[in-house]
Every structure is written in structure tokens, then in C-alpha cells.
Amino acid sequence: PEVRRQDYAPPAWWIDTVDLTFDLDPAKTRVLNKMRLRRNPDVPVQPLRLDGDSLNLARVLVNGQGASFKLEGQQLVLSQLPEGDEAVELEIFTTCQPEKNTLLSGLFVSQGTFFTQCEAEGFRRITYFLDRPDVMSIYSVTLRASKAAYPVLLSNGNLVEQGDLDDGRHFARWHDPFRKPSYLFALVAGTLVAREQAIRARNGKEHLLQVYVRPGDLEKTEHAMQSLIASIVWDETRFGLPLDLDRFMIVATSDFNMGAMENKGLNIFNTKFVLASQATATDVDFANVESVVGHEYFHNWTGNRITCRDWFQLSLKEGLTVFRDQEFSMDMAGSASARAVKRIEDVRLLRTVQFAEDAGPQAHPVRPDAYQEINNFYTVTIYEKGAEVVRMMHTLVGEAGFQRGMKLYFERHDGQAVTCDDFAQAIADANPDSPLAQHLEPFKRWYSQAGTPHVHASGHYDSEQQTYTLHLTQSLTAPPGQPDRQAAVIPVKLGLLQADGQPVPLWLQTDDGEQDCGHEHTLVLHQSEQRITFGRIPQPPVPSLLRSFSAPVVLHQSLDDDALETLLQHDSDPFNRWEAGQQWAQRVMLEAIRQPHTEATDAPARLPERLVAALRQILREPQLDAAFKDLVLTLPSENYLAEQLDTVDPQRIHAVRQSLQQQLAQALHDDWRTLWEQHHDTGAYRPDAHSSGRRALAGKALFMLCLHASHTGEGIWPGKAYQQSKDANNMTDRFNALLALVHTHQPLAEAALARFHQQFHNEALVLDKWFSLQASVPDRQGDILPAVQQLMQHPDFTLKNPNRARSLIFTLCNANPAAFHRADGAGYQFWADQVIALNGLNAQVAARLARSLDAWRKLAEPYRSHANAALQRVASQKNLSKDVREIIEKSRT
Ligand code: ARG
Ligand code: ZN
């Protein structure tokens with residue numbers, strides 16, 4: 001049942017127009033679909049095969065007449081259609097059952113309101129269609145429903161007519177002037193209220209912006225609206241891309257598989273990425289709302305105006321749009337160091353989750369070659385690695401060159417469904433003298449080769465010649481049985497520092513003399529091995545390589561403590577300052593993890609004085625942003641450390657990290673107190689980058705102070721944390737206090753959690769935090785799994801709501817290694833139970849959870865055997881969805 005990229009064939013038919021009429025009823029919705037089709041003259045004459053899924057077919061008319069058809073599997077096949085290139089009118093009448101739709105794909109009901117989710121292949125659950133992105137049509141949509149139950153009726157485009165019908169029903173008719181693929185279709189019907197804003201664009205055009213939510217949530221929509229306005233302004237200013245619609249709508253639903261969906265003119269969002277208020281949302285939530293609103297809005301051009309030819313090209317729209325939303329967030333953050341903070345966060349996600357994916361059983365190229373279930377390919381590789389590929393192009397052609405490339409991309413392809421090759425070609429063609437154009441074919445291996453390249457760097461200083469030579473090699477090993485990998489094109493942004501931290505001027509030695517490179521140079525590594533030499537270097541320098549993480553690779557270089565300290569204290573590239581600290585801490589931790597020990601929890605890890613001193617200096621540097629300090633003082637995560645090891649003992653990793661954390665708390669105790677005093681009062685609440693950073697650092701300080709207190713038995717700081725968990729005027733401070741308590745002081749944590757529940761039991765998104773926090777508590781004596789099992793019996797818990805399921809189950813299985821990886825295997829048994837339960841309810845969510853054991857082969861015993869048994873149990877289930885089956889099969893091979 002595998003779909004292969006090489007099998008792509010253009011459609012035999014085009015659908016020029018679609019006229020849909022819905023009689024909306026939760027039990028049985030009737031859908032009348034009138035299409036005008038014509039044969040694709042470039043393709044031999046073939047029957048029309050329309051996709052369908054879980055539909056009840058009532059009638060088929062061809063040019064107004066009854067016609068013969070058959071059902072083959074899920075497809076509706078018409079083989080007797082007139083030949084020739086005359087248009088054909090096809091009328092199909094079906095029904096579906098939205099209230100029974102727990103997959104949340106197609107048409108479903110959430111809290112009494114109808115929503116749709118059609119990407120990737122949900123439209124076929126609404127009507128028979130050529131449900132593939134290269135078939136683009138003009139849609140007209142009529143919605144009919146009870147006026148009392150569904151006062152708001154929305155679809156894509158412009159509202160052209162509305163009015164009352166008999167029997168208390170009413171209707172609305174919508175027309176979308178833009179051709180679009182079926183995955184961008186949407187409808188919403190229910191009781192909703194909207195925040196509205198009229199804006200005038202640069203060209204004088206008026207637009208109506210609306211954010212629709214359930215009554216009662218309106219006051220939580222201001223940030224989403226501000227983010228939407230900022231997105232519109234940003235896309236126009238930085239990319240020259242204006243809003244092309246009269247009306248742009250965002251609608252929030254609490255039952256949603258993903259973050260949000262870019263349906264043309266009618267974006268549908270998970271409430272998590274729309275609703276935000278000081279009282280209920282953290283700074284991270286506010287930032288996520290801004291970023292996701294931006295992401296979906298930017299899809300209007302990169303995704304909707306130019307879409308994907310087939311689903312193998314998914315990264316064409318997702319990689320590019322993630323790149324754009326990352327840049328948007330950076331531009332919104334403002335200062336250079338705030339930009340760096342965002343970059344560090346993005347890289348952290350990439351290296352922890354995407355590098356792991358690329359090294360495990362679900363590894364796939366940015367442009368995959370085959371899939372069983374496309375929904376399994378909405379991955380960090382397609383999104384985040386895809387964004388890095390776009391970022392490298394940006395680096396290779398520069399900002400002005402990239403904008404030229406985007407312009408050419410739209411000139412060539414606006415209104416089309418295209419491929420990743422088309423995109424790369426446009427960027428390169430607009431910059432014929434760039435290294436991208438020079439190395440385009442090998443560069444495109446980033447799309448075709450899975451796996452993370454490793455780059456080894458070593459430097460040689462020649463005191464006689466006063467030269468410094470860097471020697472770089474790259475390698476990418478293919479899994480057994482796959483063809484050898486070829487060299488990638490890797491932009492390595494670099495600088496050199498003197499031992500005292502001063503930047504070294506770069507005089508690049510070339511065949512015809514010397515080239516002045518200022519203080520930074522981008523080396524384009526395109527062979528498996530390259531050398532580069534700089535002259536006029538009076539002393540051995542410290543190399544600062546891969547600045548701002550200029551390529552998604554693993555860099556190996558053996559820097560000693562002196563070099564790391566120089567970089568951490570002085571590098572002009574803030575990313576590499578952070579990176580030096582991480583490398584240093586990582587080395588200490590990995591050494592300790594590998595040390596001989598009897599019990600996994602023996603933790604003789606010692607935090608070196610020198611590293612402590614260097615970190616202290618960072619904390620005391622007045623010019624540095626609080627957010628940056630917080631990141632530098634965050635030790636590499638357990639999941640990231642696991643990724644660095646060939647054999648993973650999760651309890652050992654946990655013990656070592658906990659021990660170092662404890663030492664950081666103690667060794668920097670006075671600094672934590674000072675930082676707390678300086679930062680905990682952030683004044684009137686504003687979720688901007690600067691004040692968020694202050695709250696983050698104050699939160700870290702409070703955590704460290706409570707951690708230290710938990711060892712000395714002293715009660716002041718836990719008391720303060722408890723107070724803050726009660727009295728904070730914003731959710732960030734409140735949550736950070738709670739977090740400190742659940743990690744360090746069980747009795748107060750229990751009291752604070754009970755209070756928190758009482759206060760927020762009517763706020764679904766806050767309850768998610770409450771569940772999630774309890775599933776993230778570090779394991780003491782195997783007590784967390786039973787606590788989670790207990791919480792599943794809580795009246796507020798339900799597996800049916802994806803956010804709620806994620807908050808409890810995914811947090812335990814993905815974000816709390818020490819509680820999940822139990823020596824008795826009970827964590828894996830729990831995981832198997834939940835995958836099986838979700839499989840019957842919501843295959844997409846189940847398939848996500850199924851990935852928690854991706855890295856099981858690297859686990860030490862007894863974990864590995866237990867994990868294998870759990871995987872086997874899932875695999876042996878009879879009614880496994882193809883989503884879950886694909887994941888489990890790959891995990892087991
Ligand atoms: N295109 C949406 C977004 O980026 C995600 C939709 C995912 N849908 C799915 N069925 N996997 O932003
Ligand atoms: Zn997207």
C-alpha cells in the first residue's frame with residue numbers, strides 16, 4: 001500500500017469549478033457536489049476515478065442524466081464519460097456523519113460546532129473528488145443549517161448571499177475567487193463570536209479581519225488579532241506580498257489534531273494557538289500564538305497561491321513557510337540578541353527532535369520517496385529541516401538575492417502546483433553568480449538524502465608563515481542496504497578569535513593572492529574534504545565555526561577548555577557563545593554518564609570549577625539579555641544527551657543531569673538570589689521578548705533556589721514559590737512557581753496544584769497545563785506512572801480531546817524519560833495500552849504517540865527487551881490503522 005514519488009502522473013481530468021451545497025446536521029449531513037470537469041488533453045483517455053472515504057453515495061448524474069458508475073475500493077469510477085474535450089457536468093449526492101467522526105479529518109463536530117480539516121486527504125471524507133493538490137478549482141459553497149443552533153456559517157472567500165429558509169433554517173453562500181486544491185477547502189458552522197478589525201493595506205485596499213471563538217473567549221483574542229495584523233504588515237514589508245482577499249478569518253476549535261490549518265481565507269486553529277490572556281497563557285504561549293498565526297497567514301502565498309504538485313513536495317510549502325515564520329518572529333523580537341535567542345530555540349528543537357528522527361527508524365528525506373500514510377509525514381524533517389534547507393539557500397544568496405529569487409518564483413509559478421526543484425531553480429536562476437547556482441545539483445541532495453551530515457574540523461597554526469589552516473571533512477553514512485550518500489553543500493559561517501577574545505581580521509589566501517574577508521567568512525563546503533587558509537595571523541586563534549548554525553549538521557571539533565571559555569565569553573556570534581557553553585556541559589555530562597558505575601543512579605558527575613566560573617561570569621554580564629542567560633544556564637536535555645549516545649540508559653542520564661543541576665543550584669546560589677531579586681518584578685504584564693526573558697530568568701532562579709533548599713531543608717524559597725503560585729498576576733510567573741514546587745517540594749506542590757485546579761477548572765487550556773505538569777515531575781520511586789494512571793480517571797480527563805491526551809500521555813512518554821523508561825517496563829506497557837486505545841479513536845494522534853519508542857534499539861537492557869515486547873503487542877493488534885501500522889512496522893525493522 002505504498003505510494004511512490006516516482007509514480008507521479010498528472011491527473012486524467014481537471015475540475016474547473018465546484019459548487020457544493022451542505023445541509024448540515026450532526027447525525028447526517030447531506031452534500032450535493034456539482035462539478036464541471038474536462039479531460040486533461042496531455043494524458044491518454046482514461047476513466048474518471050474519484051477518491052472517497054466513509055461516504056454514503058445516493059446519486060450520480062452526468063450532464064443531468066443518470067449514469068453508470070462503479071465503486072472500486074473507496075473510489076467512485078466513471079468509465080462511460082463522453083470522450084473529446086467538451087466539459088462534463090457531474091453531480092454527486094452523498095451523506096456523511098460528522099458527529100461520529102472522531103478522526104477529526106473531513107467534517108466533524110466540536111462542542112456543537114461544525115469544522116473541517118482537509119489536509120492532506122480529508123476532503124474525500126466530505127465528497128467524491130480528485131483529492132490531490134495538483135487539481136485546482138474555483139469553489140462556490142452554500143451552507144444550510146438551523147439558524148438557532150448554527151447562527152454563523154463560514155466558508156472560503158467572500159460571502160455573496162445569505163438569508164432565511166423555512167423551518168427555522170438559514171443559508172449562506174460563499175465564493176472563493178482563487179483556484180485552490182481541495183485540501184484548502186474549509187467550512188465552519190456554529191455559535192461563534194468574532195473580534196473584528198478593518199485594515200487598509202498599502203495599496204489602499206480595505207480588508208476585514210475576523211477572529212472567531214466561542215462566546216466567552218473574546219477577551220482572549222486580542223493577541224491573535226495583533227499577531228495577524230503584524231503578519232500582514234511584515235509579509236508586505238519584507239517580502240512584498242500583500243493580502244489578496246477582502247476578508248481573512250481565523251476560527252478556533254478545541255478539538256484539533258495539529259496546530260492550525262491555512263485554508264484559503266478561513267484558517268482553522270487549535271485554541272492553543274489563538275487564545276491568550278495574561279491570566280491563562282504563559283509567555284511561551286503568547287510567542288506560539290504569534291508564530292502560528294504568522295505561519296498560517298504566510299501560507300497564503302507560500303502554499304496556497306503556489307501549492308504542491310504532490311504530497312512528496314510537502315516541504316515546498318512547509319519548509320519555506322517555517323523559514324518565513326521564524327524570520328517573522330525574529331524580526332518581531334527586535335534586537336540582535338533577541339533574534340539569537342529565537343535562533344537558539346529553533347536549533348534546540350531541530351537538534352533534539354529532528355536529528356533524532358534522522359538517525360532513527362522513521363528517517364526520511366525532506367522530499368520523501370515513498371509513504372503509506374501521508375499524515376505520518378508532517379514531521380520535523382519536512383518542517384524544521386526543510387526550513388534549514390531554505391535558510392541555507394538564503395545564506396548562499398543573501399537577503400537581497402533571496403528576495404529576487406522569491407520574486408522570480410512567483411513570476412513563474414503563481415497559481416500553479418509545483419515541486420521543490422522548481423523552488424530551488426527559481427532562487428538559483430535569480431542569482432546566477434551565487435554559490436547556490438554554482439552548486440545547485442549537489443545542493444539539492446539536501447532534498448533527497450536522509451540523515452544528518454557530520455562535519456569534522458581541525459585547525460593548524462603555522463607560526464613561521466603566520467597562517468591558520470582549517471581542514472574540514474564531511475560524511476553521511478547511509479543505513480545498511482541504502483546507496484552511499486554523496487557530499488552535500490554546506491555553508492560554514494566562521495570567524496576567528498584571539499585568545500583574549502578579540503576578532504581576528506580574515507585574510508583569505510587564494511590562488512591569486514589575498515582576499516580581505518572582514519571578520520566573518522562563509523566557506524562553502526561542497527567536497528568531502530576541503531582546506532582553507534588565512535594569513536597574517538600573529539598567534540594561534542580560536543575558531544568559531546558554523547556561526548548561527550549555518551547548516552543542519554553535527555560539527556565535531558576538539559576544542560579545549562581555554563578555547564570554549566574564549567568563545568563563551570567573547571564570541572561576537574551569540575549563537576556560538578551559547579553553543580560553547582552547551583558543548584562544555586555536554587562533555588562533562590557524557591563523560592560522567594560513561595564512567596563505570598554500579599547503579600544507574602550512582603552519579604559521581606562533578607561540575608568543573610572552571611565551567612561554573614565561566615557561567616557565573618555570563619550571569620553577571622550586564623549587557624546580556626536575561627533570555628540569553630536563561631538559555632546558557634539550561635543544561636542539555638536528557639533527550640538530547642540520549643541522542644549523543646550509542647547505548648542509552650535513561651536512568652543514568654537522568655541521575656547525572658539531576659546531579660549537575662543540583663551543583664549549579666549550589667555553586668551559583670548567591671547569583672541565583674541576586675538574579676531573582678533583580679528580575680522577578682517585571683511590572684505591568686507585557687509578553688514582549690524583553691520582559692518574557694526577565695520572567696524566564698527569574699523563573700530559573702526561583703527553581704534553582706528551591707532546588708537548593710530541598711537539600712538544605714531550608715523553607716524560605718519554597719514558601720515564596722508557593723506564594724507566587726497563588727498571587728502571581730500572570731500565568732508565566734504562576735506556572736514557573738508551580739514548576740519549581742513540583743520538582744522540589746512535594747507537600748507544597750500538592751497544595752498548590754489543588755488550588756490551581758480549583759481556580760482554573762473552567763479553562764481547558766490551563767487544565768492541559770495542570771495535567772502536563774504532573775506528568776513531567778521527575779520520578780522519585782516509580783511514583784509518576786501510577787500518578788498519571790490515576791489522573792486518567794480524573795473527571796476532567798478524556799482521551800477524545802487531542803490536547804488533553806497530549807498533555808498527560810505524550811508528556812509522560814516523550815518528555816519525562818526517567819518516569820517512562822522504567823526497569824520493570826511498566827511505562828512501555830502503559831504506552832502500548834494508550835496507542836491501542838487511541839488507534840480506535842483517532843489514528844493520527846495514535847500514530848504520533850506510536851513514535852515514542854522510535855529509539856528503542858539504542859536502549860540498554862532491560863529497557864530494550866521490555867520496549868520490544870510492547871512494540872510487538874501493538875503490532876499484533878487486529879484493527880491497526882494504516883497510520884499506526886506504518887510507524888510500528890518501521891520501528892521494528
Ligand atoms: N498545513 C498545516 C500547517 O502547517 C498542517 C496540517 C497538518 N494536517 C495533517 N493532517 N497532518 O501548518
Ligand atoms: Zn504549515
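**Entry 1: a pair in the small hours**

I started with L494, which stands opposite L545 in β33. I'm working from a predicted model, so I keep that in mind throughout. Further along, I found L497 opposite V542 in β33. Both pairs made me look up the strands themselves: β28 covers residues 490–497 and pairs with β33 in the antiparallel sense over four bridges.

Next I asked which strands make up this sheet, and in what order. It is an open sheet of three strands, β31-β28-β33, with antiparallel pairing. The edges are β31 (521–525) and β33 (542–545), and each has a single partner strand, so one side of each is left without a neighbour in the sheet. Ignoring direction, neighbouring strands here are turned by 35 degrees against each other on average.

Are the faces of β33 buried or exposed? I checked them: V542 and S544 on one side are buried, and so are P543 and L545 on the other. I reminded myself that side chains in a regular strand alternate between the two faces of the sheet.

**Entry 2: the six-strand sheet**

I moved on to another open sheet, this one with six strands in the order β30-β29-β32-β27-β26-β34 and mixed pairing. Its edge strands are β30 (513–516) and β34 (554–556), each of which pairs on one side only. The twist from one strand to the next averages 30 degrees.

I wanted to see what mixed pairing looks like, so to speak, and β26 shows it well enough to note here. Strand β26 (residues 454–462) runs parallel to β34, and three bridges join them. I wrote down two of the partners: V455 has L555 as its bridge partner in β34, and H456 has H556. With β27 (residues 467–475), β26 pairs in the antiparallel sense over nine bridges. There, D462 stands opposite T467.

β26 and β27 form a hairpin with four residues between them. In the turn, Q466 has a positive phi of about 55 degrees.

**Entry 3: odd backbone angles**

I kept a list of unusual angles, since most residues other than glycine have a negative phi, and most peptide bonds are trans.

- F549 is not a glycine, yet has a positive phi of about 55 degrees. I found F549 in the loop between β33 and β34. F549 has 22 other C-beta atoms within 10 Å, and the cut-off for buried is 20 or more, so F549 counts as buried.
- N63 has a positive phi too, near 45 degrees. N63 sits in the loop between β5 (56–62) and β6 (65–66). With 13 other C-beta atoms within 10 Å, N63 is partly exposed.
- E861 and P862 are joined by a cis peptide bond, with omega about 5 degrees. P862 lies in the loop between α26 (843–849) and α27 (863–875).
- E119 and A120 also share a cis peptide bond, with omega about 0 degrees. A120 is in the loop between β11 (113–117) and β12 (136–146).

**Entry 4: around ligand 1**

E119 and A120 turned up again when I asked which residues are around ligand 1. The others I noted are M258, A260, M261, E262, H295, E318, N375 and Y378. Sorted by class, this shell has five nonpolar, two polar and three charged residues.

**Entry 5: a helix and two annotated spans**

I looked at helix α3, residues 314–333, next. Its 20 residues reach 28 Å from first C-alpha to last, close to the 28 Å expected at 1.5 Å a residue. Is α3 mostly covered or mostly open? Mostly covered: 18 of its 20 residues are buried. Just after α3, G334 takes a positive phi of about 95 degrees.

UniProt, in an unreviewed entry, lists residues 224–431 as "domain: Peptidase M1 membrane alanine aminopeptidase". I get 58% helix and 10% strand over residues 224–431, with the end C-alpha atoms 37 Å apart. The UniProt annotation "domain: Aminopeptidase N-like N-terminal", also from an unreviewed entry, covers residues 101–184. That span is 0% helix and 49% strand, and its end C-alpha atoms lie 19 Å apart.

**Entry 6: one last contact**

I finished with F239, found in helix α1 (residues 222–239). F239 has 19 C-beta neighbours inside 10 Å, so it counts as partly exposed. F402 is 163 residues away from F239 in sequence, but the two are 9.7 Å apart in space, C-alpha to C-alpha.

Methods:
Residues numbered from 1 in each chain as written. Chains lettered and ligands numbered in written order. Predicted model: local features only at pLDDT ≥ 70, side-chain atom pairs only at ≥ 80, totals over all residues. UniProt positions renumbered as here; feature names shortened; annotations may be inferred. Expected span 1.5 Å × (residues − 1). Buried ≥ 20, exposed ≤ 12 C-beta atoms within 10 Å, placed from the backbone. Near = placed C-beta within 6 Å. Nonpolar A, V, L, I, M, F, W, Y, C, P; charged D, E, K, R; others polar. Pairing = 2+ DSSP bridges. Axes fitted to C-alpha atoms, helices over the stretch in contact; angles between N-to-C directions.
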